[in-house]
Amino acid sequence: MSRKKAVNGKVGSNAPSSSPNSDKEKGKKVPTQSNGVVHPSRPSLSSSGEFYDITFKVMLVGDSGVGKTCLLVRFKDGAFLAGSFISTVGIDFRNKVMSIDGVRVKLQIWDTAGQERFRSVTHAYYRDAHGELHCITVVESLFQNIKPCCVLGCYFSYNFILII
Ligand SMILES: Nc1nc2c(ncn2[C@@H]2O[C@H](COP(=O)(O)OP(=O)(O)OP(=O)(O)O)[C@@H](O)[C@H]2O)c(=O)[nH]1
């Protein structure tokens, strides 16, 4: 049954081919633009079984204990991780598909460990990232740690966006 689902999704959003008058092309949609984003000719299928048009890789960074994992779980599942603090070991990621202005956007959010000893591991995952979400606590002034991470993101990625 999964095969049928995949086939239906692709047919419904395929781009027209070079022979638009062909009977095979009837009912197919034409690529559209929304806010400058071009819809690809066919959607992709995420590991969770959801279709998406475009994908972005976002790095979630910040010092240990500022709440990166809690923020990600809240965003992905709508729940708050209460209780004892379990520090992230190395790196983890979660996918979320959202519909923005009719475009199905897959966010691949990488939750990096904030502890210094994991820096060499997490830095390797900055490659090809589209943006960075830097988390800080509101009670501490941790802005001095933002600059090195920002420089790292810009080094590995073209068109890098930083959100604090
Ligand atoms: N009061 C309060 N506590 C929070 C909030 N967000 C997270 N916490 C708590 O802060 C602690 C650390 O949260 P995590 O999300 O695991 O921190 P982290 O940034 O992922 O830490 P590392 O994995 O070590 O990098 C946990 O005990 C949470 O319950 C918040 O918004 N308010």
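Two strands pair if DSSP finds at least two bridges between them. In the predicted model described here, strand 5 and strand 7 meet this condition, as they are joined in the parallel sense over 7 bridges. One point of this pairing is Ile 54, which stands opposite Val 105 of strand 7.

The protein contains 4 helices and 9 strands. Along the sequence these elements follow the pattern α-β-β-β-β-β-α-β-β-α-β-α-β. Of the 164 residues in the protein, 34% are buried. The accessible surface of the protein amounts to about 10700 Å², and carbon and sulfur atoms account for 57% of this surface. When contacts between residues at least 6 apart in sequence are considered, 58% of them join residues at least 24 apart.

Strand 7 also pairs with strand 6, which covers residues 91–100. Strand 6 and strand 7 run antiparallel and are joined by 10 bridges. Within this pairing, Asn 95 has Gln 108 of strand 7 as its bridge partner. The two strands form a hairpin, with 2 residues between them. Asp 101 belongs to the loop between strand 6 and strand 7, and its phi is near 50 degrees, a positive value in a residue other than glycine. A positive phi is also found at Asp 128, which is not a glycine either and has a value of about 70 degrees. Asp 128 is placed in the loop between helix 3 and strand 8. With a relative accessible area of 56%, Asp 128 is exposed.

Strand 7 is mostly covered, with 9 of its 10 residues buried. One residue of strand 7 is Val 103, which counts as buried because its relative accessibility is 4% and the cut-off for burial is under 20%. The C-alpha atoms of Val 103 and Tyr 52 are 7.7 Å apart in space, although the two residues are 51 residues apart in sequence.

Val 103 is also a member of the largest nonpolar core, which has 10 residues. The other members are Ile 54, Val 58, Leu 60, Val 66, Leu 72, Val 105, Leu 107, Ile 109 and Cys 135. Strand 5 (54–61) and strand 7 each supply at least two residues of this core. The largest share, 4 residues, comes from strand 7. Another core, of 6 residues, lies apart from the largest one, and its members include Met 59, Ile 91, Trp 110 and Tyr 126.

Aromatic side chains form a further set of arrangements. The structure holds 2 aromatic pairs. In one of them, the rings of Trp 110 and Tyr 125 have centres 5.1 Å apart and planes at 35 degrees, so this pair is tilted. Trp 110 lies in strand 7 (residues 103–112), whereas Tyr 125 lies in the loop between helix 3 (119–123) and strand 8 (131–134), so the pair ties together parts that are 15 residues apart in sequence. The two residues also have different descriptions of burial: Trp 110 is buried, with a relative accessible area of 12%, while Tyr 125 is partly exposed at 31% relative accessibility. Phe 93, Trp 110 and Tyr 125 form one aromatic cluster.

Charged ends of lysine side chains are placed over two aromatic rings. The charged end of Lys 57 sits over the ring of Trp 110, at 5.5 Å from the ring centre. The charged end of Lys 96 sits over the ring of Phe 75, and here the distance from the ring centre is 4.7 Å.

A last set of contacts involves a loop residue. Thr 88 is found in the loop between helix 2 (68–77) and strand 6. At 17% relative accessibility, Thr 88 counts as buried, because the limit for burial is under 20%. With residues up to four places away in sequence left out, Thr 88 touches Thr 69, Asp 111, Ala 113 and Phe 118. The C-alpha atoms of Thr 88 and Thr 69 are separated by 7.7 Å, and these residues are 19 residues apart along the chain.

Definitions and conventions:
Residues numbered from 1 in each chain as written. Predicted model: local features only at pLDDT ≥ 70, side-chain atom pairs only at ≥ 80, totals over all residues. Heavy atoms only, no water. Buried < 20%, exposed > 50% of the residue type's maximum accessible area, 1.4 Å probe, protein only. Contact = heavy atoms within 4.5 Å. Areas by Shrake-Rupley, 256 points an atom, 1.4 Å probe, with all protein chains shown as cover. Phe/Tyr/Trp six-rings, centres within 6.5 Å; stacked < 30°, edge-to-face > 60°. Lys NZ or Arg CZ within 6 Å of the ring centre and 35° of its normal. Core = buried A, V, L, I, M, F, W, Y, C linked by side-chain atoms within 4.5 Å.
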